[in-house]
Amino acid sequence: MIEVSDSQLSRYAIHVVGNANEGTMTLSNDVLRATTLELEAAWTDVAFQKFEQMEEYRFFHESSLTLHDMYAYATEIFRSEAEFLLQSQLIAKHLHNASTHPNIKEGELFVGLFENVAWVDRAVRVLAIMKIDDKETFINVSQQDGQLHVSDVAGISVKRPNNTALIVQLAEDDVRVFVR
């Protein structure tokens, strides 16, 4: 159903959100682009892994779909890439304010726009929203001036599934949500 081998991560932002009761939130002021093919491939792997195991939903609002916050933010990103940073910040604020359960931890919120994702018989755009609560420790070995330096680095593992929502724009009036 979905193929990402020819997709491109056109832009992304990373914000820090936590439990609304604790007040932890840091909004990024930068739109980022993958600086290497390896970094783009890593973000793509994290976002789309186990896609076939995701549950599908459609946005709904009793009076008007445009009043659904997440639908409005996502469709504005699809409509105008110039709005990406502002809308990603609004997504972060919305999710932060909805996070009131005491077990919700602070973590990085990735909001990324993928282009040219193959969906059945056409190319679509996908907005990936991922919250990464837990980091893993990696060992970094580097060589400087003929000396080996070893240090630990906390980072995001591309092998572990995360809390992910993929918002797929199949047509202007057909936007679907997949959640893992």
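**Exercise 1. Strand β2 and its neighbours**

How many of the ten residues of strand β2 (residues 8–17) are buried? Once you have that, work out which strands β2 pairs with.

*Solution.* Before we start, keep in mind that this is a predicted model.

Step 1. Go along β2 and pick out the buried residues: there are seven of the ten, so the strand is largely enclosed by the rest of the structure.

Step 2. Now look for bridges. Strand β5 (residues 107–119) is joined to β2 by nine of them, and the two run antiparallel. For one example of the pairing, find Arg 11, whose bridge partner in β5 is Leu 113.

Step 3. Then check strand β3 (residues 25–26). Two bridges join β3 to β2, again with the strands running antiparallel. Here you'll see Val 16 standing opposite Thr 26 of β3.

**Exercise 2. The chain as a whole**

Count the helices and strands, put them in order, and decide how the chain compares with a globular protein of its length.

*Solution.* Step 1. The count gives three helices and ten strands.

Step 2. Starting at the N terminus, you should read off β-β-β-α-β-α-α-β-β-β-β-β-β.

Step 3. Next comes the radius of gyration, which is 17 Å for this chain. The globule rule gives 16 Å for 180 residues, and the two values are close, so the chain is as compact as a globular protein of that length.

Step 4. For the dimensions, the C-alpha trace spans about 65 × 45 × 30 Å along its principal axes. As for burial, 41% of the 180 residues count as buried.

**Exercise 3. Rings that meet**

Take the ring pairs Trp 43 with Phe 110 and Phe 51 with Phe 178. Is each one stacked or tilted, and which parts of the chain does each link?

*Solution.* Step 1. The model has eight aromatic pairs in total. One of them is Trp 43 with Phe 110, at 4.2 Å centre to centre and 20° between the planes, which is a stacked pair.

Step 2. Place the two residues: Trp 43 sits in helix α1 (residues 37–48) and Phe 110 in strand β5, so you have a link between distant parts of the chain, 67 residues apart.

Step 3. Check burial, where the cut-off is under 20% relative accessible area. Trp 43 comes in at 9%, so it is buried. Phe 110 has 1%, so it counts as buried too.

Step 4. Turn to Phe 51 and Phe 178. Their ring centres are 5.0 Å apart and the planes lie at 50°, so this pair is tilted. Phe 51 belongs to the loop between α1 and β4, while Phe 178 is in strand β10, so parts 127 residues apart in sequence are tied together. Both of these Phe residues are buried.

Step 5. Finally, go back to the stacked pair and look for company: ring pairs link Tyr 12, Trp 43 and Phe 110 into a cluster.

**Exercise 4. The largest pocket**

Describe the largest pocket: its volume, its central residues and its lining.

*Solution.* Step 1. The space in it comes to about 470 Å³.

Step 2. It is lined by 24 residues, and the closest to the centre are Leu 95, Ile 129, Lys 131, Asn 163 and Ala 165.

Step 3. Sort the lining by element. Those giving two or more residues are β4 (55–58), α3 (84–98), β6 (122–132), β9 (163–171) and β10 (174–179). With four residues, β9 gives the most.

Step 4. Sort the lining by class, and you get 13 nonpolar, six polar and five charged residues.

Conventions. Residues are numbered from 1 along each chain as its sequence is written. This is a predicted model: local features need pLDDT of at least 70, side-chain atom pairs count only at pLDDT 80 or more; totals for chains, interfaces and linings use all residues. Side-chain values use heavy atoms; hydrogens and water are left out. Buried means under 20% relative accessible area, exposed over 50%, partly exposed in between (1.4 Å probe, protein chains only). Two strands pair if DSSP finds at least two bridges between them. On a 1 Å grid over the protein atoms alone, a cavity is a set of points where a 1.4 Å probe fits but cannot get out, and a pocket is an open set with protein on both sides within 12 Å along at least five of seven lines; lining residues have an atom within 4 Å of a point. Grid points are joined across faces, edges and corners, and a volume is the space filled by probe spheres set on the points. Ala, Val, Leu, Ile, Met, Phe, Trp, Tyr, Cys and Pro count as nonpolar, Asp, Glu, Lys and Arg as charged, and the others, Gly among them, as polar. Rings of Phe, Tyr and Trp (its six-membered ring) pair if their centres lie within 6.5 Å; planes under 30 degrees apart count as stacked, over 60 as edge-to-face and the rest as tilted. The radius of gyration is taken over C-alpha atoms; the globule rule is 2.2 Å times the number of residues to the power 0.38.
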